[in-house]
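Here's a walk through one protein chain, written for someone who likes to look at packing. Have the viewer open and follow along.

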Amino acid sequence: MEEDNALLLNNLIDTVNEISAFSDYKCVFKRQCRDLSRKLKLLAPLFDELTETRGEISEETVKGLVFLREALESAKELLGMCSRGSKIFLVLQSEKVRNKFQELTVQFEHALNLVSYDRLDIPDELKEQIKLVHTQFGKAKERIEAHDLQLYEDLLFMYNQSNDVDTQVGLSILCEKLELMSIEQFKEESLAMDQMVASSGWDVEPNRDKMSLILKKFEDYVRAPKLNINILLRENCSCSNQAWANQSPKSPVVPDDFRCPISLELMKDPVIICTGQTYERACIKKWFEAGHASCPKTRQKLLSTIFTPNYALSSIIARWCEENGVEPPKRFGNSWPGRPTACSIEGVDIDALLSKLTTGNIEDQQAAAGELRLLAKNNSNNRMSIAEAGAIPLLVDLLSTPDTITQEHAITALLNLSICEDNKRTIMSSSSVPGILHVLKNGSMQARENAAATIFSLTILDEYKVTIGALGAIPLLVTLLGEGSPRGKKDSAAALFNLCIYQGNKVRAIRAGLVPLLMAVLKEPGREMVDEALAIVAMLASHSEGKVAMGSFETVPLFVELVRSGSPKSKENATAVLLHLCGGDQGCISEAWSLGVVDLLLDLAENGTERGKRKAEQLLQILGNPWEQHEEPEVRIEVPTEVQTLSIQLAVTDGVNDS
């Protein structure tokens, strides 16, 4: 039976690892894929922990794990198709694919209902993590998303068009939406379609002819020289050719695609909402502020009111204006196309600052990044406005600049912007982590410290602990902990604490040499960072490799002394570490007895913090007589609230971190 359970757990781990290997999901269902993949990665530590536990797994939990295996296999198939499959097929089968996502949500929620994770012998923080994933699946099950038919209808409309010239503008828009803008991307789509036809996993045959014809139209469009967009727009104008001829050259009819669906005016600042529709920023903002929770055009219920600039359409509108002698929208004046509408913060023209970030002139970039850093320092409204103006991707680009001052301004500006939760998501979606890690490794000391603080700020959201840890942040933070200034050590310790809440990151931290560094911190004269170091040690001690790494140090005398003379927080964490060390280790139990730990624990159980009292009582239960044999106890890990909620000022640095 145990062998069967071990095989089941290994299958679960292997499947999650295969899912984690997927990347570059197709644009059609990218959000749904990332959301599902993120949740499934958070289940991996549970399977890892269960392979190491010596306790029995209940039949109900085994049944839940079997259901999880079936759901994971289905998820792997779906995510694999969304990663490697044809975008055109995904659109044509969008309703079926969407229903499959919904079915998987129900499957995972049901399976987790059967897994009695509250009764399993696993760390408390892992139970909280699984509970969070379970809750997210439950909420997603109750929230049924409306099916977005717009892209599907656009594709069918283009398929039914017989006049190739008439379809050119439609093809242009579809190519942008499907990210088929180059010969290379077209070849990838063609190959994906061929592979899907050859595969038996999805029934492609009913749509094969339709897909082939659509693909041929895309091929002709991608490979053919592009006609002048002005001619194409005239051909697709709602008025007749004669009516167009009667128009003044300086007063052309504005194409419908360039008009805001709300105001019907030429869009100056087009933005895309979550349904995929584009509106004038000011108009859709007023719509949201009026309390509407649906898309004005499709009437779909909105899952989010966040919108992003439609850079591609901005560029097309700018080109059309230039070719038709129409005065372009203000934001296209002398600045880069697609940038948000001109705005002013505290009398500063943000448009001008963003233009400077893209000039390539080091002095301009340095000055602009420095000013954005200061504007984002203390004002939450400024942070939101700067992010909405499109500054975050431009600041991310500057993280790799060779100019150290510009780099320092850019990372600190991102740090200050990251205080806002929505901005955290924008920063992560801008592929910022490699740039942040580049600064953490190669920047000036102040830039490295602010990069560590940025990681701390981003990892406040559980969903980013896995991503940032997997991309290599932990060894760089360990290095900074060893060689940074006092402030840099605190920032790196805070970031490491957040990352190590995720079980999979504990092994990375242990193997990066974190334990010896923390032990050195605990032995330093004055012990300035004892609370921070002990909080991390208490988490690492819950892992078998962490206990082994501590074996080469005189740990028991050190932690007994901390129980004796430390702060209330130090006492509770030192007791938590001893609880792990003494579990199943007669030598540690005897040594703790000889150092007088029992009297200290009795006092702590009466006068300590609430968590300290619980830990003291648990440790007293297993100490007993030092010459008796003891089974390893059930050890519960509790994340210290005070450390988990370290003041955000550690991450908001301009008041604290700026020299």
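What follows covers the overall make-up, some helix pairs, the aromatic pairs and a few buried spots.

**Overall make-up**

Keep in mind that this is a predicted model. The protein has 36 helices and five strands, so helices are what we'll mostly talk about. Of its 659 residues, 52% are buried. If you take the contacts with a sequence separation of 6 or more, 72% of them are between residues 24 or more positions apart.

**Three helix pairs**

Here are three pairs of helices, with their axes and angles.

| Helix pair | Axis distance | Angle |
|---|---|---|
| α4 and α6 | 8 Å apart | about 160° |
| α17 and α20 | within 8 Å | roughly 25° |
| α28 and α31 | within 11 Å | roughly 45° |

Let's start with α4 (residues 59-84) and α6 (residues 94-114). With an angle of about 160°, α4 and α6 are roughly antiparallel to each other, because an angle over 145 degrees counts as such. Their crossing is left-handed. Sorted by class, the contact of α4 with α6 holds 16 nonpolar, five polar and three charged residues.

Next up are α17 (residues 362-375) and α20 (residues 404-417). These two helices, α17 and α20, are roughly parallel to each other, and their crossing is left-handed. On the α17 side, the contact uses Ile362, Gln365, Gln366, Ala369, Gly370, Leu372 and Arg373. From α20 come Ile405, Thr406, Glu408, His409, Ala410, Thr412, Ala413 and Asn416. By class, the contact of α17 with α20 has six nonpolar, seven polar and two charged residues. As for the spacing you can spot in such lists, an α-helix has 3.6 residues a turn, so residues three or four places apart point the same way.

The last pair is α28 and α31. Their angle of roughly 45° makes α28 and α31 oblique to each other. The crossing of α28 and α31 is left-handed. Met519, Leu522 and Lys523 of α28 meet Thr555, Leu558 and Phe559 of α31. That contact divides into four nonpolar residues, one polar and one charged.

**Two well-covered helices**

Stay with α31 for a moment. In this helix (residues 555-565), the buried residues include Thr555, Val556, Leu558, Phe559, Val560, Leu562 and Val563. Which helices cover them? Among those that do are α28 (514-523), α29 (530-540) and α30 (544-550), along with α32 (568-582), α33 (586-594) and α34 (597-607). Thr555, Leu558 and Phe559 turn up in both stories: they are buried, and they meet residues of α28.

Helix α25 (residues 473-483) can be read in a similar way. Its buried residues are Ala473, Ile474, Leu476, Leu477, Val478, Leu480 and Leu481. The cover over them includes α22 (433-442), α23 (445-458) and α24 (463-470), plus α26 (486-500), α27 (503-511) and α28. So α28 helps cover buried residues of α25 as well as those of α31.

**Aromatic pairs**

How many aromatic pairs are there? The count comes to two. In one, the rings of Phe108 and Phe137 have centres 5.1 Å apart and planes at 20°, so this pair is stacked. Phe108 sits in helix α6 and Phe137 in helix α7 (residues 124-142), so the pair ties together parts that are 29 residues apart in sequence. Both Phe108 and Phe137 are buried.

The other pair is Phe258 with Trp320, and it is edge-to-face, at 5.8 Å centre to centre with 75° between the planes. This pair links distant parts of the chain: Phe258 is in the loop between α13 (241-246) and β1 (270-272), while Trp320 is in helix α15 (residues 311-324), 62 residues apart. Phe258 and Trp320 are buried too.

**A glycine in α4**

Finally, back to helix α4, which holds Gly80. Is Gly80 buried or exposed? With a relative accessible area of 6%, Gly80 is buried, because the cut-off is under 20%. Leaving aside its neighbours within four places in sequence, Gly80 is in contact with Phe22 and Gly85. Computed along the chain, so to speak, Gly80 and Tyr25 are 55 residues apart, yet C-alpha to C-alpha they are 8.6 Å apart in space.

Key: Residues numbered from 1 in each chain as written. Predicted model: local features only at pLDDT ≥ 70, side-chain atom pairs only at ≥ 80, totals over all residues. Heavy atoms only, no water. Buried < 20%, exposed > 50% of the residue type's maximum accessible area, 1.4 Å probe, protein only. Helix = DSSP H or I, 4+ residues; strand = E, 2+ residues; numbered from the N terminus. Contact = heavy atoms within 4.5 Å. Axes fitted to C-alpha atoms, helices over the stretch in contact; angles between N-to-C directions. Parallel < 35°, antiparallel > 145°, perpendicular 65-115°, else oblique. Left-handed = near helix turned anticlockwise from the far one by under 90°. Nonpolar A, V, L, I, M, F, W, Y, C, P; charged D, E, K, R; others polar. Phe/Tyr/Trp six-rings, centres within 6.5 Å; stacked < 30°, edge-to-face > 60°.
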